[in-house]
Amino acid sequence: MKLYTLLQLIFALALTLAVLPPARADNPIIQTRYTADPAPVIIHGKVYLYTDHDEDHATWFVMKDWRLYTSSDMVNWTDEGSPLSLKTFSWAARDAWAPQVIQRNGKYYCYAPMTQKGVGMSVGVAVSSKPEGPFHDALGHPLVHISPGDIDPTVFIDNDGQAYLYWGNSQLFYVKLNRDMISYDQKVGIVKVPLTAASFGKGPGVRRRRTLYVEGPWFYRRGNLYYLVYAAGGIPEFIAYSTSPGPTGPWSYRGIIMPNHLPHLAFTNHPGVIDYKGHSYFFYHNQALPGGGGFDRSVCVEEFKYNPDGSFPTILPTDKGAPPIGHLNPFKRSTAATIAWETGIHTETYPVVGVCVTHEETGAYIKVESVDFGTTGAKSLAIDVASGSTGSSLEVHLDGADGPIVGTVMVPDTGGTKSWKVLHADIHGAKGDHDLYFVFKGTPGTHLFHFLWWQFAK
Ligand code: FUB
């Protein structure tokens with residue numbers, strides 16, 4: 001190749017890299033904590049994603065509270081804190097496992113499994129007047145307990161108003177919930193679903209596994225078809241599904257949705273499926289975050305399309321995740337805990353102010369994806385921070401933590417990390433649609449400042 005042609009090629013490549021949008025890597029969608037067992041639900045036009053929470057450095061399931069994240073664009077997730085925990089249930093000993101929340105009569109009901117003191121796994125129900133909680137134990141005792149496999153409740157209200165709760169590990173049960181959502185039809189009682197190869201696939205036959213069904217059922221209806229999507233096959237688990245013409249069966253095994261033995265998947269998996277703004281989404285968990293493992297898992301999401309007959313395509317885990325389905329409006333106040341991707345930060349809930357970003361060190365950043373500054377652009381930025389030290393700043397970059405800088409807010413000592421102050425900076429060159437990066441700068445090795453919310457002005 002002639003030197004001239006080679007130079008042309010290098011120049012063309014450099015130009016292409018310069019104009020390419022930044023590579024997206026948004027899975028796992030929550031990076032500030034290990035999260036598992038996603039339970040998404042649409043409330044007030046937003047996706048409310050309830051998860052459980054694996055404690056750091058766990059060598060078994062060490063899970064004490066449930067977490068909530070919300071999004072209206074599928075890429076920026078706002079940490080809403082912990083709406084309930086084991087402390088919500090006086091009878092709970094440990095194991096805050098896979099929950100699901102549903103709305104009825106202006107109230108929100110959270111069904112959650114946990115170990116009942118001296119008994120074993122049981123399913124409780126908590127209620128709140130707000131989806132963000134706090135939730136309160138509705139009964140003071142479990143809603144159901146029938147076997148050691150009483151985990152992973154999934155709840156659904158059918159078109160005729162009848163609500164169903166399915167659950168179970170190795171065995172599958174359901175009850176017909178009464179309209180109060182905290183009791184069930186005692187005449188029907190707890191129904192054990194027959195696990196047959198036709199309904200749930202032929203299993204390995206070892207121990208009790210005559211079918212593929214293991215745990216983590218996710219029950220819903222789409223058109224006239226009822227779906228049970230579940231963790232299957234033993235360890236490592238894949239995700240499979242069955243469908244039925246009615247809410248209580250007969251179920252027909254339909255195949256595998258997400259195989260196992262793929263990079264970053266954990267030995268468990270757990271589905272959550274929703275349709276939102278004309279798109280279909282499949283939530284699951286893996287172990288892809290740094291330090292991750294089978295007991296330090298992370299929730300992910302993929303967009304998919306049902307086949308015309310309502311069957312699922314194969315869905316493979318990606319590190320890209322789902323594309324954005326909207327733009328974030330930077331001229332409306334956003335909490336600092338609204339994050340598409342981050343490195344080096346934590347989120348904490350503080351009395352009075354709520355969830356904020358903490359413990360950020362120099363170089364840490366928050367990425368907020370697909371932010372539309374419009375054609376006139378932003379002229380200034382306001383941030384609410386609390387700091388006990390001097391010499392820190394928050395840099396505002398576009399399209400990369402080292403992308404063009406459009407402003408810097410100097411952060412003085414505000415009187416301590418409980419003393420909140422709104423600070424301003426001029427912004428230059430923030431127009432159009434960009435990924436926004438807040439980069440924390442200050443003395444290396446020290447915690448800089450707490451960051452509560454931000455808002456641009458035109
Ligand atoms: O997270 C604890 C348990 O692991 C869940 O209840 C199961 O679905 C599995 O993901």
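The following questions and answers concern a predicted model and its ligand. Local features need pLDDT of at least 70 and side-chain atom pairs pLDDT 80 or more, whereas totals for chains, interfaces and linings use all residues. Residues are numbered from 1 along each chain as its sequence is written, and side-chain values use heavy atoms, without hydrogens and water.

Visitor: How do the residues of the shell around the ligand divide into nonpolar, polar and charged?
Guide: The ligand is surrounded by residues including F61, W97, E215 and H270, each with a heavy atom within 4 Å. Asp, Glu, Lys and Arg count as charged, and Ala, Val, Leu, Ile, Met, Phe, Trp, Tyr, Cys and Pro as nonpolar, with the others, Gly among them, as polar. The shell thus has 5 nonpolar, 3 polar and 4 charged residues.

Visitor: How far is an oxygen atom of the ligand from an N or O atom in the side chain of R297?
Guide: A polar contact is a pair of N or O atoms within 3.5 Å. For the side chain of D37, the distance to a ligand oxygen is 2.5 Å, and for that of D152 it is 2.5 Å. For R297, the distance is 2.8 Å.

Visitor: Over the face of which residue does R333 lie?
Guide: A charge sits over a ring if NZ of Lys or CZ of Arg is within 6 Å of the ring centre and within 35 degrees of the ring normal. K458 sits in this way over F331, 4.8 Å from the ring centre. R333 lies 3.7 Å from the ring centre of W453.

Conventions
A polar contact is a pair of N or O atoms within 3.5 Å; within protein, one must be able to donate a hydrogen and the other to accept it, and residues adjacent in sequence count only if both atoms are side-chain atoms.
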